[in-house]
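Please follow the strands and helices of the structure below, beginning with a single strand and moving outward to the sheet and the helices that accompany it.

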Amino acid sequence: MNRPAANRLVVVSNRVAQPREMRAGGLAAAMRAALKEHGGLWFGWSGKRVAPNERALHRERAGNIDYALLDLTREEFETYYIGFANRTLWPLLHFQPTMMQYGRAQYAGYREVNKLFAERLAPLLREDDRVWIHDYHLIPLASELRALGIGARIGFFLHIPLPPPELLINLPCHADLIATLGACDLVGVQNRGDARALTHYFTGTLGAKRSGDAVLLGERRTRIAAFPISIDATAVARQSKAAATSSTIRNLHASLSGRALAIGVDRLDYSKGLPRRFEAFGRFLAEHPEWRSRVSFLQIAPPSREEVPEYRELRSKLERSAGATNGRYAEPDWVPIRYVNRSFAQRTLAGFYRIADLALVTPLRDGMNLVAKEFVAAQPADDPGALVLSRFAGAAGELPQAILVNPYDPEGLVEGIEQGLTMPLEERRERWAAMFEYISKHDIGAWRCAFLEALGS
Ligand code: ADQ
């Protein structure tokens with residue numbers, strides 16, 4: 001049977017992985033693969049902050065992908081990106097309303113940038129395009145495109161969690177903002193709980209009608225569904241095997257002198273639960289003296305969003321915490337916490353995961369958490385490491401064989417660390433095999449195909 005060629009894909013995201021840029025994370029690769037398949041356009045912020053009279057739209061073509069990157073002014077960067085996206089939406093959607101900073105000027109700036117994106121994108125669109133918008137920076141974009149008469153099919157995917165209506169209504173502009181999602185044909189979220197929360201918000205707070213898995217707000221039918229994001233499990237497994245010969249991995253291995261290795265890999269972000277994780281590791285050493293000098297904890301945490309004050313505070317808090325634990329327990333030949341504030345190539349990370357005996361993935365809240373899946377994909381089948389995973393990461397719903405912990409429970413975290421370090425080989429193999437099978441089947445390719453199929457052509 002001949003399938004008709006799918007329509008052109010247009011991806012819109014705040015940051016764009018540009019042609020010569022090797023961005024960390026599988027998402028960039030997944031979007032490139034999707035765009036390459038049928039040809040497409042990737043639109044977003046150029047990453048540049050300029051004076052208003054210097055703003056430009058940078059166009060480039062690489063293979064069959066067009067890139068269109070728009071500069072922002074410094075003021076737009078402050079209100080749209082730092083202000084509303086990262087100091088209002090990020091904490092609220094991660095269930096931390098007490099950290100939310102709201103200002104009307106920040107919301108106005110956020111709406112203005114979304115309108116600007118729509119105005120610059122609209123002339124580049126064709127009627128039969130499929131538009132795929134990403135993440136919390138661009139919630140109102142679909143409605144701004146509709147206001148300009150764009151009739152194309154539009155899908156939106158939220159990478160971060162979506163709290164229940166009782167929490168969402170803490171946002172002063174909640175109705176004005178969330179109603180704009182009704183301009184989409186499809187809204188994708190990470191799991192069924194998030195889909196339920198959004199559907200309830202639409203029906204209960206906005207008075208939308210429900211029709212199957214869709215809501216009707218005015219004329220349009222907006223389908224709300226879960227699409228748990230994933231990784232390229234085969235590629236991570238391959239990279240982790242290949243990394244065994246690299247000098248970085250060999251040096252790390254040699255430096256352990258036969259000790260166990262626990263690993264954490266996270267952007268330096270307060271949603272990742274790092275202070276509680278550091279405290280738990282210190283407490284583990286206090287309560288289990290037999291493990292002192294027998295396990296090292298390597299935490300890799302590249303700084304992120306350093307323009308936001310809460311992130312700078314987090315950084316100094318962690319430095320103090322690691323320093324205190326190391327000061328208390330270190331020996332001339334052993335440091336309990338190795339705290340490394342930088343990025344590594346994906347293949348190097350895969351090598352680190354492979355030689356680790358335990359991963360500590362303990363966010364307070366996380367849309368999915370790809371590190372948990374990468375750790376699983378990187379393990380050797382004959383002697384896999386154990387995964388301690390927060391039950392508040394989206395990944396917990398898909399990886400029930402992990403050691404699930406509540407990051408707000410200090411004793412529970414300590415127990416999780418001990419359970420992971422002492423788990424018998426047979427049990428580790430069993431748990432790992434189930435998780436590996438799951439992520440191999442539900443990989444990033446399956447995620448993107450499921451979303452695009454639901455969006456339709
Ligand atoms: P993040 O909050 O960034 O993503 P996560 O899902 O863990 O969280 O993805 C991080 C990615 O960055 C991983 O691929 C990881 O390997 C990489 N990374 C982390 N530290 C690194 C380092 N030091 N060097 C190099 N690479 C590093 C957001 C949401 C998540 C959601 C993803 C995808 O917050 O909940 O899972 O988007 O939707």
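In this predicted model, strand E11, which spans residues 260-265, has 6 of its 6 residues buried, so the strand is largely enclosed by the rest of the structure. In a regular strand the side chains alternate between the two faces of the sheet. E11 can be read in that light, for Ala260, Ala262 and Gly264 point one way from the strand while Leu261, Ile263 and Val265 point the other way, and all of them are buried. The partner of E11 is strand E12, residues 295-300, to which E11 is joined by 6 bridges, the two strands running parallel. Within this pairing, Val265 has Ile300 of E12 as its bridge partner.

Elsewhere, 10 strands form an open sheet with mixed pairing, and their order across the sheet is E3-E4-E2-E1-E5-E6-E7-E10-E9-E8. The edges are taken by strand E3 (57-62) and strand E8 (209-211), each of which pairs on one side only. From one strand to the next the twist averages 25°. Towards the E3 end of that order, strand E2 (residues 40-50) and strand E4 (residues 65-73) run parallel and are joined by 8 bridges, with Gly40 standing opposite Ile65 in E4.

Two helices can be placed against this sheet. Helix H3 packs on the sheet and touches strand E1 (9-15) together with E2, E3 and E4, and the direction of H3 makes about 130° with that of E2. Helix H7 (residues 192-205) also packs on the sheet, where it touches strand E7 (186-189), E8, strand E9 (214-217) and strand E10 (220-226), its direction making about 150° with that of E10.

H3 has a helical neighbour as well. Two packed helices are described by the angle between their axes and the distance between the axes. For helix H2 (residues 74-93) and helix H3 (residues 104-121), the angle is about 115° and the axes lie 8 Å apart, which means that H2 is roughly perpendicular to H3. The crossing in which H2 passes H3 is left-handed. On the H2 side the contact is made by Glu76, Thr79, Tyr80, Gly83, Phe84, Ala85 and Leu89, and on the H3 side by Ala105, Gln106, Tyr107, Gly109, Tyr110, Val113, Asn114 and Leu116. Taken by character, the residues of this contact divide into 9 nonpolar, 5 polar and 1 charged.

Key
Residues numbered from 1 in each chain as written. Predicted model: local features only at pLDDT ≥ 70, side-chain atom pairs only at ≥ 80, totals over all residues. Heavy atoms only, no water. Axes fitted to C-alpha atoms, helices over the stretch in contact; angles between N-to-C directions. Helix = DSSP H or I, 4+ residues; strand = E, 2+ residues; numbered from the N terminus. Parallel < 35°, antiparallel > 145°, perpendicular 65-115°, else oblique. Left-handed = near helix turned anticlockwise from the far one by under 90°. Contact = heavy atoms within 4.5 Å. Nonpolar A, V, L, I, M, F, W, Y, C, P; charged D, E, K, R; others polar. Pairing = 2+ DSSP bridges. Buried < 20%, exposed > 50% of the residue type's maximum accessible area, 1.4 Å probe, protein only.
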